[in-house]
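Hello,

Here is the structure I promised to pass on to you. Please have a look at it first, and then read my notes on its salt bridges below.

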Amino acid sequence: MANLGTRIYTRFKGRLVGRDADGRPYYEARTPNRTGGGEKRHERWVIYHKGEDASAVPPEWWGWLHHMDDAPLPESARQPWQQPWQPNQTGTAAAYHPPGSDLRGGQRASTTSDYEAWYPEG
């Protein structure tokens with residue numbers, strides 16, 4: 001959610017480029033106003049939904065937002081192996097816990113006796 005200053009700046013300086021699948025609007029400055037890579041370029045920004053962080057930007061828009069692409073990747077260009085974005089689950093009950101983790105009971109599978117510890121000679 002944008003604060004008052006961002007809303008005013010967006011209203012007077014921004015041009016709506018598009019929206020992603022979740023409805024976040026993406027803007028570009030009407031005139032080149034940032035120097036990057038030795039040239040003037042248009043500033044780009046996104047207005048997040050309340051409570052979101054920067055990892056919510058989908059890959060289609062990430063490249064455009066960081067001046068890697070001139071236009072956002074169309075939805076039709078997504079590859080079948082690309083999965084939809086999911087929030088980072090670290091620190092939540094849905095986080096991944098490998099076998100043997102204390103949060104999964106702490107029981108590791110027994111070894112198969114094919115491991116020999118190395119000891120230095122002497």
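Let me start with one pair: Glu 28 and Arg 44 are both buried, where buried means under 20% relative accessible area, exposed over 50% and partly exposed in between, with a 1.4 Å probe and protein chains only. Their side chains meet in a salt bridge, with 3.0 Å from N to O. Glu 28 belongs to strand β2 (residues 25-29) and Arg 44 to strand β5 (residues 44-46), so this pair ties together parts that are 16 residues apart in sequence. Strands here are DSSP runs of E with at least two residues, numbered from the N terminus.

Please keep in mind that this is a predicted model, in which local features need pLDDT of at least 70 and side-chain atom pairs count only at pLDDT 80 or more, while totals for chains, interfaces and linings use all residues. Residues are numbered from 1 along each chain as its sequence is written, and side-chain values use heavy atoms, leaving out hydrogens and water.

In the whole structure, the search finds 5 salt bridges, each being a side-chain nitrogen of Lys or Arg within 4 Å of a carboxyl oxygen of Asp or Glu. A network of them links Asp 20, Asp 22, Arg 24 and Glu 52. Within it, Arg 24 pairs with Asp 20, their closest N and O atoms being 2.5 Å apart. Arg 24 is buried at 1% relative accessible area, and Asp 20 is buried too, at 8%. Arg 24 also forms a salt bridge with Asp 22, with 3.3 Å between the closest N and O atoms.

Best wishes

Terms used
Helix = DSSP H or I, 4+ residues; strand = E, 2+ residues; numbered from the N terminus.
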